[in-house]
Amino acid sequence: MTEFTSFDSLGLDAASLVALTRAGYEKPTPIQQKAIPAALAGRDLIGCAATGTGKTAAFVLPMVERLQGKKGTRALVLAPTRELAIQIAEHLEMFGRGRGIRGAVVIGGVGMMPQTRELREGHEVIIATPGRLNDHLEHGTAKLNNIEILVLDEADRMLDMGFRPQLDRILARLPKQRQTMLFSATMAGEVAEFASRYLKSPERVEIARSGTMPERASQRVFMVPREEKTALLLALLAEDEASTLVFTRTKRRADRVCHALDRAGIKVARIHADRSQGQRKMALDGFKKGAYRVLVATDIAARGIDVEEIAHVVNFDLPNVPEDYVHRVGRTARMASSGKASSFCSSEEKDQLRDIEKFTRRIIDVAQVPRDAPVFRDAVARRAEFATESMPGRHPQRRRMHSGAPGRADHHPAAAAHASGEKPRVVGRFKPRRRR
Ligand code: AMP
């Protein structure tokens, strides 16, 4: 096949080339080289590319060109997470600005009214998460009868997240005559089945084999007991100043890790499904700008995180689904920068590690747990001390205030009062939580 090496050899028009220069894109990435000509020709497309390869521009640029001069809502982009939807909207803004192509972002966690207004105004592209779009369809505030272009981004994730019924409902409202483009970093069985149902003789663009990693990311795994994971994380963070994204299995564990890092004086934020949209945005923006060195996240947030300088991805817990490993590690070594990925594997997680290695067709190097590192030793000792203190009959709060160990207790007004000999002020009463 023809090798395209510059944007102007892909058939893009002058306005797109200007927008690309403005965005600082010099050369098309492999997915862009292969997908753009087919997408411009109006063909259905399956794009299978590792994350961070530039697939958003691969569908946004042709979409903008194909919608030029048309009135009303003509394109729909579906994404699994709010963050990803917002990022796609940012690309649309970058490439559609000044060309009359506007995007209506239809996502959960924010009010419906502004979205209803944009939908009524007939913004040319709807960028939506499936749940909220269905809400609008039920209220009659979104109409999809003129859609000519449908994009399903991170299709495997949408299917994994149980969006299938929602997707089917949306797809039933779309005109049959349309262009459909489906993108996914991995092409597991369900995606193939979905594609065969909804796409017509699609052009297949496979840049990296399903399950392959960004090549520049160096990967290692630490075999570590669960109770030493926090100590290991603190020790790794002490090794450099790198911006780090930490993944945990649950929202509660994300909260706990975040608090542990905060106590250690590390600038950290967290992002998971129980955080409000505003909190998620603040965490992500702060991380992007460098106000937070560490972002702790659950998988829900993994797809939408496009931060150029993530140097280190830590799998504090291994994911249950091996595809998630690819997506998590794909957050580092995006585009030109290189990065590393460290995974913590406890004895309970060995099956997950085996599945990941099978899926990625690669054995991950085992690294030594830095047990001699002072930070690791201190953290393990603190944990042991805390465990003893927590034994029946002991009073952890009181003990910690007397211990002189650095931490929150030093700043506690009651501790200061105690040190100065004053009677401590009662600021609240401990009420045991009833077990559910
Ligand atoms: P994506 O895979 O679409 O999430 O893109 C990953 C990152 O690469 C985003 O920050 C894009 O803005 C950037 N990017 C995409 N294509 C190019 C390109 N041809 N040259 C430079 N940066 C790009």
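This is a short tour of a predicted model, one selection at a time.

Before you start clicking, note that residue numbers count from 1 along each chain as its sequence is written. Because the model is predicted, local features need pLDDT of at least 70, side-chain atom pairs count only at pLDDT 80 or more, and totals for chains, interfaces and linings use all residues. Helices (H or I, at least four residues) and strands (E, at least two) are DSSP runs, numbered from the N terminus.

**Stop 1: the sheet**

Switch to cartoon view and pick out the seven strands. They form an open sheet in the order β3-β4-β2-β5-β6-β1-β7, with parallel pairing; two strands pair if DSSP finds at least two bridges between them. Select 103-106 (β3) and 203-206 (β7) to find the edges: each has a single partner strand, so one side of each is left without a neighbour in the sheet. From one strand to the next, the twist averages 15 degrees.

**Stop 2: walking from β4 to β6**

Select 125-128 for β4 and 75-78 for β2: these two strands pair in the parallel sense over four bridges. Valine 125 in β4 is the bridge partner of alanine 75.

Next, add β5 (residues 149-152). Four bridges join β2 to β5, and the two run parallel. Here leucine 76 stands opposite leucine 150 in β5. Keep leucine 150 highlighted, as it also stands opposite threonine 180 in β6. Strand β6 covers residues 179-184 and runs parallel to β5, joined to β5 by four bridges.

Are the two faces of β5 covered or not? Both are covered: Ile149 and Val151 on one side, and Leu150 and Leu152 on the other, are all buried. Buried means that 20 or more other C-beta atoms lie within 10 Å of a residue's own, exposed means 12 or fewer, and partly exposed is in between, with C-beta atoms placed from the backbone. In a regular strand the side chains alternate between the two faces of the sheet.

**Stop 3: helices α3 and α4**

Select 55-67 (α3) and 82-96 (α4). These helices pack at an angle of about 45 degrees, with their axes 10 Å apart. Axes are lines fitted to C-alpha atoms, for helices over the stretch in contact, and angles run from 0 to 180 degrees between N-to-C directions. That angle makes α3 oblique to α4; under 35 degrees counts as roughly parallel, over 145 as roughly antiparallel, 65 to 115 as roughly perpendicular and the rest as oblique.

Show side chains for Thr56, Ala57, Val60, Leu61 and Val64 of α3, then Gln87, Ile88, His91, Leu92, Phe95 and Gly96 of α4, which make the contact. Contact means C-beta atoms, placed from the backbone, within 7 Å.

**Stop 4: helices α6 and α8**

Now select 130-139 (α6) and 164-172 (α8), which pack at an angle of about 45 degrees with axes 9 Å apart. They are therefore oblique to each other. Pro130, Gly131, Leu133 and Asn134 in α6 meet Gln166, Leu167, Arg169 and Ile170 in α8.

**Stop 5: aspartate 299**

Finish by centring on aspartate 299 in helix α13 (residues 299-302). Is aspartate 299 buried or exposed? It is buried, because 24 other C-beta atoms lie within 10 Å. Leaving out residues up to four places away in sequence, aspartate 299 touches Phe247, Pro319 and Asp324. Add histidine 272 too: it is 27 residues from aspartate 299 in sequence and 8.1 Å away in space, C-alpha to C-alpha.

Notes. Two residues are in contact if their C-beta atoms, placed from the backbone, lie within 7 Å.
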